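Please open the model in your viewer, with the cartoon drawn and the sequence panel beside it. The tour below suggests one selection at a time and says what is to be found there.

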Amino acid sequence: MTSNIMTLAGSTFLETVRDRIFYLVALFGFIMLASTAILSPLTVGAQGKIMADVGLASMVIFGLLVVVFVGSSMVRKELDKGTIVTILSKPVGRREYLIGKFLGLNLTLISMLAVMGLLFLLMLFLAPGSFSLRFLGAFYLTFLELTLINAVVVFFSTSVSPVLAAVFTLGVFTVGHLSQSIRDFGQLQDGVFQRQMSELVYYLTPNLEVFNLRGAVVHGTAVSGEHLVMATVYSLAWSILLLVVAGSIFSRKELRGE
Amino acid sequence: MKSRTKTLFRGLAVVVLTLVIFLSLREYDGQQEQADQQERLYFPSGKFLVESTLGFREAAADYLWFRFIQYYGAYSMGQNDLRYFDLLIDGITKLDPQFVEAYFFASLVRWSSFGDIDGSIEMLKRGILANPDKAKLPFQIGFIYYVIEHDYKRAGHWFEMAGRCSDATDKESRFAAFARYKGGDKRVSLALWKNLYESTDSPHMKELALKMIDIITGKIEIQKIYGKDFIGPIPEI
């Protein structure tokens with residue numbers, strides 16, 4: 001079972017590499033360079049901060065783009081080409097297939113974040129007084145956030161079309177960053193129903209602000225070990241839950257040619 | 001011949017279209033000046049601004065910072081007034097309350113362009129509330145009291161506060177000791193110089209502290225003997 005998953009993960013990773021996903025990394029490098037060289041006259045004493053902000057935000061945005069656009073069409077592509085039937089005709093379970101796809105995309109994410117992280121640290125190294133290893137904590141939290149989003153996109157890709165899967169995943173990303181405010185807003189309402197609904201929305205959607213300590217890290221606060229453990233548990237719990245539900249949906253799905 | 005005419009026609013079309021694009025852009029730039037001001041007029045504030053950035057608060061604050069710098073640059077060149085100054089600064093500091101440079105620069109503008117010393121100090125105090133551990137902000141308040149208001153006691157208080165911050169250097173303590181001395185608190189100043197002498201690693205600072213300790217100790221001794229109103233020895237005629 002494990003070897004099947006690993007083989008699928010490996011082939012998914014190679015597929016994304018063949019799709020020239022890493023061009024985005026080059027674009028990231030360009031943005032980092034631009035934020036240093038072109039924008040420096042406008043930073044007025046905040047060059048290190050702005051470089052770090054732009055770099056960390058770009059990592060999330062590029063990671064999100066890859067996860068959403070590659071992940072949403074991943075299953076559909078194989079359904080259309082009919083290769084999924086070939087794969088599933090071998091002793092590979094549908095759940096294994098989904099987990100393999102999920103891990104393959106996560107492997108792409110890890111490689112991308114590693115290269116972008118190195119570029120980021122290199123650029124900070126060139127700006128006096130900006131380099132710090134505390135950014136590793138922010139990279140890790142970004143990876144956890146994108147892992148969760150990866151599980152969300154896998155979940156949607158098993159049940160709806162690629163376009164809808166991408167739209168719904170972006171919706172989850174948006175709500176995930178607003179869920180705390182939705183709850184706070186609900187608490188201000190007079191009606192008990194509104195308060196309970198906002199509470200429900202808060203618990204039914206992943207709170208992605210858990211992974212957003214970029215500002216604090218840029219301003220010199222290191223992410224605590226306790227928070228890293230909590231965020232890891234939170235991301236893993238959501239990812240496993242979504243993959244289990246996605247597996248159940250996918251197991252019942254009728255595939256052409258099967 | 002026919003193909004030649006076609007090529008000529010295509011070339012002409014490219015030139016005309018390029019010209020149209022260029023002129024449209026010029027027209028757009030003209031409209032943009034007014035639109036820019038309107039954009040700032042309807043600029044969201046408060047919690048909505050924070051929420052609308054979807055977790056990219058700091059990057060959004062940086063974007064506004066660029067806009068602010070350009071806006072101030074245009075003011076310096078006489079192209080606009082500063083009526084949206086507060087709006088932009090509020091936006092930046094709401095999005096990123098730890099953006100120390102924004103408070104610092106805004107305080108400088110308040111002081112230098114509006115002549116509003118109280119507003120300048122208020123801006124710095126707002127920054128201190130969000131960043132109690134950054135020496136730069138209380139130091140700047142001390143600097144304003146020292147240089148502009150000549151209120152050395154208050155200046156000393158703020159310099160001391162800056163000296164207690166985690167990122168403080170010898171500079172804050174040195175200014176505190178000088179301000180206390182100028183404000184007439186010789187004993188406090190002496191204590192601050194002694195403290196600086198013990199804590200600093202810089203030989204130059206140790207030398208300065210020792211010199212000041214000697215001067216202040218001497219003055220205190222003279223005051224002890226001749227009283228508080230003693231103004232110095234009578235010069236020989």
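What follows is a walk through a predicted model, starting with chain B as a whole and ending with a helix pair in chain A.

**Chain B as a whole**

Select chain B and colour it by secondary structure: there are 11 helices and 0 strands, and the pattern along the sequence reads α-α-α-α-α-α-α-α-α-α-α. Of its 237 residues, 32% count as buried. Among the contacts in chain B with a separation of 6 or more, 48% are made by residues 24 or more positions apart.

**Helix H1 and a distance to draw**

Select Gly30(B), which is found in helix H1, residues 2–41 of chain B. Gly30(B) counts as exposed because it has 10 C-beta neighbours inside 10 Å, where 12 or fewer is the limit for that class. Now draw a distance from the C-alpha atom of Gly30(B) to that of Asp170(B); the two residues are 140 positions apart along the chain, and their C-alpha atoms are separated by 52 Å.

**Two loop residues with positive phi**

Move next to Leu54(B), which lies in the loop between helix H2 (47–51) and H3 of chain B. Its phi is near 50 degrees, a positive value in a residue other than glycine. With 16 C-beta neighbours inside 10 Å, Leu54(B) counts as partly exposed.

Then select His150(B), in the loop between H7 and H8 of chain B. His150(B) is not a glycine either, yet its phi is positive, at about 55 degrees. Is this residue buried or exposed? His150(B) is exposed, with 11 other C-beta atoms within 10 Å.

**The side of chain B that touches chain A**

Show both chains together and select the residues where they meet: 15 residues of chain B are in contact with 19 residues of chain A. On the chain B side, the elements that give two or more residues are helix H3 (57–76) and helix H5 (100–112). Which of the elements gives the most? That is H3(B), with 7 residues. Coloured by class, this side of chain B shows 7 nonpolar, 2 polar and 6 charged residues.

**H4 against H5 in chain B**

Keep H5(B) selected and add helix H4, residues 85–95 of chain B; the axes of H4(B) and H5(B) come within 10 Å and cross at roughly 165 degrees. An angle over 145 degrees counts as roughly antiparallel, and H4(B) and H5(B) are therefore described in that way. The crossing is left-handed. To see the contact itself, show the side chains of Phe85(B), Ile89(B), Ile92(B) and Thr93(B) in H4(B), which meet Ala102(B), Tyr103(B), Ala106(B) and Val109(B) in H5(B). By class, this contact has 7 nonpolar, 1 polar and no charged residues.

**Helix H9 and its surroundings**

Select residues 170–182 of chain B, which form helix H9; its 13 residues reach 18 Å from the first C-alpha to the last, close to the 18 Å expected at 1.5 Å a residue. The buried residues of H9(B) include Phe175(B), Ala176(B), Ala179(B) and Tyr181(B), and charged side chains are also listed, among them Glu172(B), Arg174(B) and Arg180(B). Add helix H7 (136–149), helix H8 (152–163), helix H10 (186–199) and helix H11 (203–226) of chain B, against which these buried residues pack. After H9(B) comes Gly184(B), whose phi is positive, near 95 degrees.

**H10 against H11 in chain B**

Now leave H10(B) and H11(B) in view, which pack at an angle of about 155 degrees with their axes 9 Å apart. These two helices are therefore roughly antiparallel to each other, and their crossing is left-handed. Residues of H10(B) that take part include Leu190(B), Trp193(B) and Tyr197(B), while those of H11(B) include Met205(B), Ile213(B) and Ile220(B). By class, the contact has 11 nonpolar, 2 polar and 5 charged residues.

**A last stop in chain A**

Finally, select helix H6 (residues 94–126) and helix H7 (residues 135–157) of chain A, which pack at an angle of about 155 degrees with their axes 10 Å apart. That makes H6(A) roughly antiparallel to H7(A), and the crossing is right-handed. In the contact, look for Phe102(A), Leu109(A) and Gly117(A) among the residues of H6(A), and for Phe139(A), Phe143(A) and Asn150(A) among those of H7(A). By class, there are 13 nonpolar, 5 polar and 1 charged residues.

Definitions and conventions:
Residues numbered from 1 in each chain as written. Chains lettered and ligands numbered in written order. Predicted model: local features only at pLDDT ≥ 70, side-chain atom pairs only at ≥ 80, totals over all residues. Contact = placed C-beta atoms within 7 Å. Helix = DSSP H or I, 4+ residues; strand = E, 2+ residues; numbered from the N terminus. Expected span 1.5 Å × (residues − 1). Buried ≥ 20, exposed ≤ 12 C-beta atoms within 10 Å, placed from the backbone. Axes fitted to C-alpha atoms, helices over the stretch in contact; angles between N-to-C directions. Parallel < 35°, antiparallel > 145°, perpendicular 65-115°, else oblique. Left-handed = near helix turned anticlockwise from the far one by under 90°.
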